[in-house]
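Welcome! Here is a short briefing to help you find your way around a structure you have not met before. Take a look at it, then read on.

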Amino acid sequence: MSLPSSTSIEQPQPRVHDVDVITCKAAVAWGAGQPLVIEQVNVSPPQPMEIRIKVVCTSLCRSDLSAWESQTIFPRIFGHEATGIVESVGEGVTEFTQGDHVLTVFIGECGKCRQCESGKTNICQLLGLERRGLMHCDQRTRFSINATGEPVYHYCAVSSFSEYTVVHSGCAVKISSLVPLEKVCLLSCGVAAGLGAAWNVADISDGSSVVIFGLGTVGLSVAQGANLRGASQIIGVDTNPEKGENAKAFGITEFINPNDSKEPIQQVIKHLTGGGADYSFECIGDTGMVTTALQACCDFYSFHLASFLSGVCLKGWGLTVTLGVPKVKPEITAHYGAFLTGRTLKGSLFGGWKPKSDLPSLVEMYTKKEIQVDEYISHNLPFEDVNKAFNLMLEGKCLRCVIHMEN
């Protein structure tokens, strides 16, 4: 298909009444694992501190797929990696005006709460991860089925599988109108999450060894981040053999398919790295794999057991970062011995980025060709083929499918 350029996208026309309800098409999920249905939905006007966005491009993230398969809140409009153009603004919004180009973000930043001001977390107290399918401000929905008036729930406070959506102004980031919207939508989640996990959360050092479990967009973004930090060994682990060759373009130096190994994968990694990786990343969403990632990290226990038992405290340094979102069994089980010599387990949400403060710098890095983004796009699909995107991801045949709301 012919892709729209960022400069030729039709701008929303000025409205006589910015408070009008808009009727548009949206891909509505009616039940877990059921194909999405293109429905006519009503999109309410933005309430105070909200903006209504004309969605231009949105990409399918694995967390959309996981929620679609396992959650119980329906009917629902999924999607959260998106770019669009501000159609109207609610009362009190001064940061955005009609026609602004924006990235949506699934966690916001109010800039005023204790957590935003602390500098210790990127999870805003007011606009953190929304799990109930409702707007942050009033715990109501802005969507309804046009024919029946039945409410439709949001997803991650974005719901970008709709031609128009409403988000809190703290959950959008203004970007230059010259930036290609069909590319940078990936910085709304996956690519940014992987780069941030490597840079902000792990702070990978030059010459280090890294192992990454799961080579989807997030895992390969970790690989890119590790490569840019000068890691000397970046091992990718995935059960899909087709991902091995493609991963080299993002910095993977060695590929392991666990199905081809006769010994536990953590032992294979210890052999390859001479005792364990300096950093490991779990990018699958499997809590059992977190334990494996921990065990694949460097420590001194197995190599200096005699010294340890004699009372000499030798500190290991292996760091494991978990990024995946599990569909089942959210509890992590690990032997305390994994931590005795200094191994560390850290979680990462959106790579530690404060979205409104930090994303503009990532967009700038993209425009300067300092980071790869385009290379993660494996498919471009029209909105009507949204179910094809889900099937491609289910079959492991894509990285990111970018869905274009207009031809």
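C124 is buried in this predicted model, because its relative accessibility is 3%, under the 20% cut-off. C124 takes part in no disulfide. Below, the cysteines come first, followed by an annotated domain and a threonine in a strand.

**Cysteines**
- The sulfur of C110 is the nearest cysteine sulfur to that of C124, at 3.6 Å.
- A disulfide calls for two cysteine sulfur atoms within 2.5 Å, and by this rule the count is zero.
- C61 is likewise in no disulfide, with the nearest cysteine sulfur, that of C189, 3.9 Å away.
- C61 counts as buried because its relative accessible area is 6%, again under 20%.

**The annotated domain**
- An unreviewed UniProt entry places the feature "domain: Alcohol dehydrogenase-like N-terminal" at residues 48-175.
- Across residues 48-175, strand makes up 29% of the chain and helix 11%.
- The C-alpha atoms at the two ends of residues 48-175 lie 22 Å apart.

**T322 and its surroundings**
- You will find T322 in strand 14, which covers residues 319-322.
- Is T322 buried or exposed? T322 is buried, because its relative accessibility is 15%.
- The side chain of T322 makes a polar contact of 2.8 Å with the side chain of E282.
- Beyond its neighbours within four places in sequence, T322 touches E282, V290, L345, K346, G347 and S348.

Conventions. Residues are numbered from 1 along each chain as its sequence is written. This is a predicted model: local features need pLDDT of at least 70, side-chain atom pairs count only at pLDDT 80 or more; totals for chains, interfaces and linings use all residues. Side-chain values use heavy atoms; hydrogens and water are left out. Helices (H or I, at least four residues) and strands (E, at least two) are DSSP runs, numbered from the N terminus. Buried means under 20% relative accessible area, exposed over 50%, partly exposed in between (1.4 Å probe, protein chains only). A polar contact is a pair of N or O atoms within 3.5 Å; within protein, one must be able to donate a hydrogen and the other to accept it, and residues adjacent in sequence count only if both atoms are side-chain atoms. Contact means heavy atoms within 4.5 Å. UniProt positions are given in the numbering used here, feature names are shortened, and annotations may be inferred rather than shown by experiment.
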